[in-house]
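Subject: Structure for your files, with notes

Hello,

Here is the structure I said I would pass on. My notes on the side chains follow below it.

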Amino acid sequence: MGPRDVAVLAELRLRDATRPELAAATGFSKPTISEAIVSLEAAGLVVNRGRTAGAVGRNPRVYAINARASLVAGVDIGGTNTRVAVADLHGQILAERHERTTGSRVQQQVRRLIRQVHKEATAVLGGDGCALASIVVSTPGVIDRGSTQARFAYNVRTDGIIDLTALRDRLDPPLRVENNVNLAAVGEARAGVAEGVGTFVHLAIGAGIGLGIMHGGRLLRGAHGAAGEIAYLPLGRRPLAKEHRASGNFEAETAAAGLLDRAQSARWDADPPQDVAELFHRAEQGDRAARRLVADEGRRIGLAVVAVCSVVDPELVVLGGGIGRNQLLLESVSQTCAELLPAPSPVVTSTLADRGSLIGAVLSAVDDAWSLLQSNPKEASS
């Protein structure tokens with residue numbers, strides 16, 4: 001595909017347009033735009049939406065992306081659930097499934113779910129066999145750029161290794177693996193509370209802890225794919241404890257297991273909470289012991305936010321994850337930042353709940369599909 005066709009596709013990806021509008025936007029002549037439209041229609045990438053209405057004389061035709069020329073898949077492998085969604089080239093999800101994660105057989109599980117959801121999405125389109133153009137997989141852990149193996153994913157497998165190489169080799173479309181919190185940041189940037197914000201951080205606190213850094217509209221991954229691994233910040237009572245070396249000192253004391261340990265050792269008028277959800281429920285109901293623990297959790301998270309803001313200086317801090325998105329934490333996190341930072345960034349909670357990584361995976365797969373379409377339109381839309 002030449003520069004002419006690429007320019008037309010880029011404009012139509014933003015909005016439907018007429019040939020004169022495309023000529024004005026791209027700088028190409030109207031005859032050149034007409035040639036591009038003919039070529040892109042023949043490839044199945046552009047469709048005619050009819051003519052504009054209301055103008056005097058012959059109204060020009062309106063052209064649009066054929067969003068269903070190809071499909072994409074987003075996968076989110078979590079410590080509890082694995083989700084798969086198949087979407088069109090606008091990122092519109094057509095079908096979705098989730099199951100409890102089977103850590104020992106996660107590759108087989110993901111492959112089966114992709115096939116099932118792809119079949120369901122094809123049925124939504126009337127049974128036309130539209131192929132998958134790209135797949136992006138979200139997973140915990142550290143992933144070297146271009147690798148299909150995640151390390152330190154202890155909440156999925158006891159050895160911390162999720163190797164999706166065999167899955168990539170058995171599937172036809174290109175497969176990319178990204179860190180789950182990085183993809184949650186993509187989701188927030190494109191469809192969440194950080195939409196339109198160029199530089200922000202997404203801090204996820206749940207069973208584990210991670211940070212996605214968006215800087216100038218781009219993900220900051222680091223030299224080894226480990227940017228944002230703040231689980232290893234030396235924040236806590238015993239930062240050099242050997243037992244915390246694998247998962248990190250900050251995560252061990254502040255993520256779900258550490259918070260629950262502190263809750264069960266605290267003094268209660270009744271029995272201690274059995275899980276984190278119960279702890280936050282009691283805090284909402286006004287239980288003083290629960291509120292103290294939640295405030296303490298917020299201060300701990302606030303210290304990490306201060307450390308991150310001191311280095312990154314983001315426009316916005318987004319809190320997510322099963323613990324982090326609880327509104328009760330906002331006050332103590334924000335207060336800690338205000339006390340320790342000369343110019344604290346606003347702190348908000350995620351609007352995507354537990355779907356941020358999946359949405360980020362889908363939208364990233366859309367980007368990959370567009371790159372493939374521009375380089376080899378016949379293969380991507382076959």
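A residue is called buried under 20% relative accessible area, exposed over 50%, and partly exposed in between. D367, at 27% relative accessibility, therefore counts as partly exposed. Please keep in mind that this is a predicted model.

Salt bridges

The count comes to 22 salt bridges. D367 takes part in one of them, with R190, where the closest N and O atoms are 3.0 Å apart. This pair joins distant parts of the chain: D367 belongs to helix α13 and R190 to helix α6 (residues 180-191), with their positions 177 residues apart. R190 is partly exposed as well, because its relative accessibility is 35%.

A salt bridge also forms between D354 and R83, with 2.9 Å between the closest N and O atoms. Here too distant parts of the chain are linked, 271 residues apart: D354 is in the loop between β15 (347-349) and α13, while R83 is in strand β5 (residues 81-87). The two ends differ in burial class: D354 has a relative accessible area of 37% and is partly exposed, whereas R83, at 13%, is buried.

R168 and D169 make a further salt bridge, their closest N and O atoms lying 3.2 Å apart. R168 is partly exposed at 32% relative accessible area, and D169 is exposed at 55%.

Beyond single pairs, a network of salt bridges links E253, R262, D296, E297 and R300.

Another acidic residue of α13

D368 is also found in helix α13. Its relative accessibility of 25% makes D368 partly exposed. Setting aside neighbours within four places in sequence, D368 contacts S134, V136 and R176. From D368 to Y63 the C-alpha to C-alpha distance is 23 Å, and the two are 305 residues apart in sequence.

Nonpolar cores

The largest nonpolar core has 39 residues, and V8, L12 and F200 touch the most other members. Helix α13 (residues 356-375) gives the most to this core, contributing eight residues. In soluble globular proteins, nonpolar side chains tend to be buried together.

What does F200 contact, once neighbours within four places in sequence are left aside? The list is A185, E188, A189, A194, G212, I213, M214, P314, L316 and V318. Another core lies apart from the largest one; it has 37 residues, including V201, I230, L259 and C309.

Rings and cysteines

Searching the whole structure gives zero aromatic pairs. There is, however, a charge over a ring: the charged end of R282 sits over the ring of W268, 5.1 Å from the ring centre.

The same kind of search gives zero disulfides. For C337, the nearest cysteine sulfur is that of C309, 5.7 Å away, and C337 is in no disulfide. A disulfide needs two cysteine sulfur atoms within 2.5 Å, so the distance from C337 to C309 does not qualify. C337 is buried, with a relative accessible area of 2%. C130 likewise counts as buried, at 10% relative accessibility.

Regards

Terms used:
Residues are numbered from 1 along each chain as its sequence is written. This is a predicted model: local features need pLDDT of at least 70, side-chain atom pairs count only at pLDDT 80 or more; totals for chains, interfaces and linings use all residues. Side-chain values use heavy atoms; hydrogens and water are left out. Buried means under 20% relative accessible area, exposed over 50%, partly exposed in between (1.4 Å probe, protein chains only). A nonpolar core is a set of buried Ala, Val, Leu, Ile, Met, Phe, Trp, Tyr and Cys residues joined through side-chain atoms within 4.5 Å. Helices (H or I, at least four residues) and strands (E, at least two) are DSSP runs, numbered from the N terminus. Contact means heavy atoms within 4.5 Å. Rings of Phe, Tyr and Trp (its six-membered ring) pair if their centres lie within 6.5 Å; planes under 30 degrees apart count as stacked, over 60 as edge-to-face and the rest as tilted. A charge sits over a ring if NZ of Lys or CZ of Arg is within 6 Å of the ring centre and within 35 degrees of the ring normal. A salt bridge is a side-chain nitrogen of Lys or Arg within 4 Å of a carboxyl oxygen of Asp or Glu.
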